[in-house]
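Here is a short set of exercises to work through with the model open in your viewer. Try each task before you read its solution.

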Amino acid sequence: MASIRGLRTHYASLLKQFTTSSKDFDILASLPAEDSLPPKILYVLDSSFNPPTLAHLRIASSALLERLEPSSRLLLLLATQNADKPSKPALFEDRLAMMELFAHDLRAHLAKSSTITHPDSPSDRLPTVDIGVTKKPYFVDKASAIEASGCYPDRLEQVHLTGYDTLIRILNPKYYPPEHTLEPLSPLFSRHRLHVTLRPDDEWGGREEQREFLRSLARGDREHEGGRRDWAEKIQLVEGKTAEEHAVSSTKAREAAQSESHDLNWLVPSRVREFMLLEKPYLADDHISGS
């Protein structure tokens, strides 16, 4: 109990230092803390983590298990400014504390899964997980801030782990003023890739409709907006949950924290659940509608 509350205080202090600094991006913590191999590839999971859920765990683990080795690195990235969403309900220090607990849960999950998928491989292949923050609200600017920070080797490839809904926002010209074209994405796709989890539902359409979105880009249908055909080669679409699995979201987790705490068992990882039950970051009624 004391260690969980201390974690929140620790991140509040680190966040204050970052906010008052001139940095656009910084790493606040790494798991494990000791020095690791220089990364050859950086997976980036950029989210509001409000709270981190089992959906986040599925997205991260599906990508990492494809290439499970110490030279891979995962960055959990929290933006302290957000282009679309207000910075509530949970305070940033609460989210950062939950991100570190999530990192422990993720590494435990990877260790267990790797013994099944790679039974003859050494057990020290788990990637380091970094907890990072950025002041940049837009996707392409976040990638540039990571590159310019000096925290990672030069020209390190970033693989951004997103959901289909985020892909739609990335390829929406309205986020790139003043010309409102997709041309600002050219530097991103020249060096980095997207690993996109399909999200078939009533809002985003079925699997084929979502795959057609990428085929349309590959055909050149977005060229009039500045979208290039070859970008489609840098976007990997992967399956998400099966039809039989529960739909997991941060919104559902916040609702469960208020009224159905037992539902947290299938919504968030165990250490995150412990934090939510202890610190109650979503207790007030207005917490449901946050980002």
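The exercises below go from the whole chain to single strands, the cores and one histidine.

**Before you start.** This is a predicted model, in which local features need pLDDT of at least 70, side-chain atom pairs count only at pLDDT 80 or more, and totals for chains, interfaces and linings use all residues. Residues are numbered from 1 along each chain as its sequence is written, and side-chain values use heavy atoms, with hydrogens and water left out.

**Exercise 1.** Describe the protein chain as a whole.

*Solution.* Start with the secondary structure: the protein chain has 9 helices and 7 strands. These are DSSP runs numbered from the N terminus, with helices being H or I of at least four residues and strands E of at least two. Next comes burial: 49% of the 291 residues count as buried. Buried means under 20% relative accessible area, exposed over 50%, and partly exposed in between (1.4 Å probe, protein chains only). Finally, look at contacts (heavy atoms within 4.5 Å). Among those in the protein chain with a separation of 6 or more, 78% are between residues 24 or more positions apart.

**Exercise 2.** Work out how strand β3 is placed and which strands pair with it.

*Solution.* First check burial: 8 of the 8 residues of β3 (residues 72-79) are buried, so this strand is largely enclosed by the rest of the structure. Then sort the side chains by direction. Ser-72, Leu-74, Leu-76 and Leu-78 point one way, while Arg-73, Leu-75, Leu-77 and Ala-79 point the other way. This fits a general pattern: in a regular strand the side chains alternate between the two faces of the sheet.

Now find the partners; two strands pair if DSSP finds at least two bridges between them. Strand β2 (residues 41-46) runs parallel to β3, joined to it by 6 bridges. From β2 the chain passes through helix α2 (residues 54-64) to β3 in a right-handed β-α-β crossover. Right-handed here means that, with the strands pointing away from the viewer, the path from the first strand over the helix to the second runs clockwise. Strand β4 (residues 128-134) is also parallel to β3, with 7 bridges. Leu-74 stands opposite Tyr-43 and also opposite Val-129 in β4.

**Exercise 3.** Which residues touch the most other members of the largest nonpolar core?

*Solution.* A nonpolar core is a set of buried Ala, Val, Leu, Ile, Met, Phe, Trp, Tyr and Cys residues joined through side-chain atoms within 4.5 Å. The largest has 51 residues, and the ones you want are Tyr-11, Leu-74, Leu-76, Leu-96 and Leu-161. Helix α3 (residues 92-117) gives the most to this core, with 10 residues. Apart from this core lies another, of 23 residues, which include Phe-139 and Leu-182.

**Exercise 4.** Is His-160 buried or exposed, and what surrounds it?

*Solution.* Begin with its strand: His-160 lies in β5. In β5 (residues 157-163), 6 of the 7 residues are buried, so this strand is largely enclosed by the rest of the structure. β5 pairs in the parallel sense with β2 over 5 bridges, and with strand β6 (residues 193-197) over 5 bridges. His-160 itself is buried, because its relative accessibility is 2%. Leaving aside neighbours within four places in sequence, His-160 is in contact with Val-44, Phe-139, Ala-143, Arg-193, Leu-194 and His-195. Last, its side chain makes a polar contact with the side chain of Gln-158 (2.8 Å). A polar contact is a pair of N or O atoms within 3.5 Å; within protein, one must be able to donate a hydrogen and the other to accept it, and residues adjacent in sequence count only if both atoms are side-chain atoms.
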